[in-house]
Amino acid sequence: ATKHAIAGAPRRTCLHGGVARLVAVKIQTSVLILLRVQPAVRSLVRRAHTLGVMNVGLQRAPLDHPIMAEFVEATPAVNALARSSPGFVWSFDNDDFSARVDVPELVADPLLMPQLSVWTDVRSLKHFAFRSDHVSYYKRRREWFEDIEPPFSVLWWRQASLTRGLEPSLAEAFDRLRHLKANGPSEFAFTIKTAAAFPKPEGACPPLPSYDAVAAEAGRSQAM
């Protein structure tokens, strides 16, 4: 007798015994691989956020002034120390003066020196800033920089960049610093002293406040 397929009925696909066993083995292997890499995946999720950091100093004089000579001479060594420190991810090149034009404060005062960098966590940042050889220069900062009204530094958690070119900009960092000054510490912008209140996001935590969303909201508030 001839069998006719019923219109719209799902087709049944039969696998040869050997093929079926091969598919089953591949599925089992895939499951085992997923179970084995689960800790690595969790670790990758924990590393999915890095710490943006900006400190702003007011130079006592232009960099070519004799009073700044020792600071200028020490800068390459301090930068090299930072880059070789555990937890360091990236730092902004202060020789890129074109980025200053996007920040009104930097246009208005050429003696303002921002230091923008990215670290894996607060602990690594603190170790470099307060426990490495950087401390000797930190203690002498008033020889080269004026006291300015705090906050003059800002921290924030950010989605880690998997490719170059997605690092934070000076414009974003100054927006966060302004937000910190106007609203106090928050997930969007906090200080190293208040960092414990805003721990690094883990696993399936709610998404961090979007820089674009907060900036847009600030713009709407100013327009009202």
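Is glutamate 70 buried, partly exposed or exposed? Select glutamate 70 in this predicted model. With a relative accessible area of 40%, glutamate 70 is partly exposed.

**Stop 1: glutamate 70 and its partner**

Keep glutamate 70 selected and add arginine 140. The two form a salt bridge, and their closest N and O atoms are 2.8 Å apart. Glutamate 70 belongs to helix H2, while arginine 140 sits in the loop between H5 and S4, so this pair ties together parts that are 70 residues apart in sequence. Arginine 140 has a relative accessibility of 25% and counts as partly exposed. Now add Glu143 to the selection: Glu70, Arg140 and Glu143 are linked in a network of salt bridges.

**Stop 2: glutamate 146 and arginine 60**

How many salt bridges are there? The count comes to seven. Another of them is found by selecting glutamate 146 and arginine 60, whose side chains meet with an N to O distance of 3.4 Å. Glutamate 146 lies in strand S4 (residues 145–146) and arginine 60 in the loop between S1 and H2, so parts that are 86 residues apart in sequence are tied together by the pair. Glutamate 146 is partly exposed at 34% relative accessibility. Arginine 60 is also partly exposed, its relative accessible area being 36%.

**Stop 3: helix H6**

Move to helix H6, residues 170–183, and pick out arginine 178 and aspartate 175. They are three residues apart, about one turn of the helix. Their side chains meet in a salt bridge, at 2.3 Å from N to O. Arginine 178 counts as partly exposed at 30% relative accessibility, and aspartate 175 counts as partly exposed at 27%.

Stay in H6 and select glutamate 172. Glutamate 172 counts as buried, with 13% relative accessibility. Add arginine 176 to see a polar contact of 3.0 Å between the two side chains.

**Stop 4: arginine 100**

Next, select arginine 100, in the loop between strand S2 (88–91) and helix H3 (104–108). What is the nearest side chain of opposite charge to arginine 100? That is aspartate 109, 6.5 Å away. Arginine 100 is buried yet has no salt bridge; a salt bridge requires the nitrogen and oxygen to be within 4 Å. The side chain of arginine 100 does reach the backbone oxygen of leucine 112, at 3.0 Å. Show the surroundings as well: leaving aside residues up to four places away in sequence, arginine 100 touches Leu106, Val107, Asp109, Pro110, Leu112, Pro114 and Leu170.

**Stop 5: helix H4**

Finish at helix H4, residues 122–131. Which residues of H4 are buried? They are Val122, Ser124, Leu125, Phe128 and Ala129. Turn the view to look down the axis of H4: the buried residues fall within an arc of 165°, so they line one face of the helix. On the face turned away from this buried side, select the exposed residues Arg123 and Arg131.

To see what covers the buried residues of H4, show the surrounding elements, including strand S1 (49–59), helix H2 (69–83), strand S3 (112–119), helix H5 (134–138) and strand S5 (153–159). Last, go to the start of H4 and select aspartate 121 together with arginine 123. A side-chain oxygen of aspartate 121 comes to within 3.2 Å of the backbone nitrogen of arginine 123.

Technical notes
Residues are numbered from 1 along each chain as its sequence is written. This is a predicted model: local features need pLDDT of at least 70, side-chain atom pairs count only at pLDDT 80 or more; totals for chains, interfaces and linings use all residues. Side-chain values use heavy atoms; hydrogens and water are left out. Helices (H or I, at least four residues) and strands (E, at least two) are DSSP runs, numbered from the N terminus. Buried means under 20% relative accessible area, exposed over 50%, partly exposed in between (1.4 Å probe, protein chains only). Lys and Arg count as positive and Asp and Glu as negative; His and the chain ends are not counted. A polar contact is a pair of N or O atoms within 3.5 Å; within protein, one must be able to donate a hydrogen and the other to accept it, and residues adjacent in sequence count only if both atoms are side-chain atoms. Contact means heavy atoms within 4.5 Å. The arc is that of the directions from the helix axis to the C-beta atoms.
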